[in-house]
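Let's take a walk through this model together, one region at a time. Have the viewer open and follow along as we go.

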Amino acid sequence: MDTNSVLQVLAVLIEIIVALAGVRLATKGKKYYGWWIALTFALYVVFDLSRLELLPKSEEVISPLFLIASLSILYAVWLIGCEVIPSRRYDL
């Protein structure tokens, strides 16, 4: 395995940990944005596994998943901002 592949596998492991942390944040911490963080990083895992050729690579599927992941983390950050800055207390 070359260095790039090792780094990619390490990145996937970190993404799995972050996705699990998002689920824990949502369930134990009662923070709704944890689900959006978990979704984002779960989709990143799918994206990276397809790059490692461990999952079928289909641009028709991968590209929309990447867009959904980006929108998911955008919404999570929005929710975090609404919690941190109470004057922005409206949801999308």
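A good place to begin is helix α2, which covers residues 33–51. This helix has 19 residues and reaches 27 Å from its first C-alpha to its last, close to the 27 Å expected at 1.5 Å a residue. Please keep in mind that what you are looking at is a predicted model.

Which residues of α2 are buried? They are Tyr-33, Gly-34, Ile-37, Ala-38, Thr-40, Phe-41, Leu-43, Tyr-44, Val-45, Asp-48 and Ser-50. The cover over these buried residues includes α1 (3–27) and α3 (59–84). After α2 comes Glu-53, with a positive phi near 65°.

Now step back to see the whole chain. Its secondary structure amounts to 3 helices and 0 strands, and reading along the sequence gives the pattern α-α-α. Taken along the principal axes, the C-alpha atoms fill a box of roughly 50 × 25 × 20 Å. The chain has 92 residues, of which 27% count as buried. If you look at contacts between residues at least 6 apart in sequence, 45% of them join residues at least 24 apart. The accessible surface comes to about 6300 Å², and carbon and sulfur atoms account for 70% of it.

Next, the aromatic rings. A pair of aromatic rings is described by the distance of the centres and the angle of the planes. Searching the whole structure turns up 5 aromatic pairs. In one of them, the ring centres of Phe-41 and Tyr-44 are 5.2 Å apart and the planes meet at 80°; since an angle over 60 degrees counts as edge-to-face, that is the label this pair receives. Both residues sit in helix α2, and because they are 3 residues apart there, about one helical turn separates Phe-41 from Tyr-44.

Tyr-44 also pairs with Phe-66, this time in a tilted arrangement with 5.9 Å from centre to centre and 35° between the planes. Here the pair links distant parts of the chain, with Tyr-44 in helix α2 and Phe-66 in helix α3, 22 residues apart. Is Phe-66 buried, exposed or partly exposed? Its relative accessibility is 38%, so Phe-66 counts as partly exposed. Tyr-44, for its part, is among the buried residues of α2. If you select Phe-41, Tyr-44, Phe-47 and Phe-66 together, you will have one aromatic cluster on screen.

While you are looking at helix α3, find Ser-72, which has its place there. Ser-72 has a relative accessible area of 2%, and it is therefore buried, the cut-off being under 20%. What is Ser-72 in contact with, leaving aside its neighbours within four places in sequence? The answer is Trp-36, Leu-39 and Thr-40. Of these contacts, Thr-40 is one of the buried residues of α2.

Let's turn to the charged side chains. Side chains of opposite charge can pair when their charged atoms come close. The count of salt bridges comes to 2. Glu-83 forms a salt bridge with Lys-31, and the closest N and O atoms are 3.2 Å apart. This pair joins distant parts of the chain: Glu-83 lies in helix α3, Lys-31 lies in the loop between α1 and α2, and they are 52 residues apart. Glu-83 is partly exposed, with a relative accessible area of 35%, and Lys-31 is also partly exposed, at 26% relative accessibility.

Arg-51 makes a salt bridge with Asp-48, where the closest N and O atoms are 4.0 Å apart. Arg-51 and Asp-48 are separated by about one helical turn, because they lie 3 residues apart in helix α2. At 47% relative accessibility Arg-51 counts as partly exposed, whereas Asp-48, at 6%, counts as buried.

Finally, rotate the model to look at a nonpolar surface patch of about 870 Å². Met-1, Val-6, Leu-7, Val-9, Leu-10, Leu-13, Ile-14, Ile-16 and Leu-20 make up this patch. Take Leu-20 as an example from the patch: it is found in helix α1. With a relative accessible area of 56%, Leu-20 is exposed, because the cut-off for that class is over 50%.

Definitions and conventions. Residues are numbered from 1 along each chain as its sequence is written. Side-chain values use heavy atoms; hydrogens and water are left out. Helices (H or I, at least four residues) and strands (E, at least two) are DSSP runs, numbered from the N terminus. The expected span of a helix is 1.5 Å times one less than its number of residues. Buried means under 20% relative accessible area, exposed over 50%, partly exposed in between (1.4 Å probe, protein chains only). Contact means heavy atoms within 4.5 Å. Patches are made of residues with over 30% relative accessible area and no salt bridge: like charges are joined within 9 Å, nonpolar side chains (Val, Leu, Ile, Met, Phe, Trp, Tyr) within 5 Å. Accessible areas come from the Shrake-Rupley method with a 1.4 Å probe; for residues, only the protein chains shown count as cover. A salt bridge is a side-chain nitrogen of Lys or Arg within 4 Å of a carboxyl oxygen of Asp or Glu. Rings of Phe, Tyr and Trp (its six-membered ring) pair if their centres lie within 6.5 Å; planes under 30 degrees apart count as stacked, over 60 as edge-to-face and the rest as tilted.
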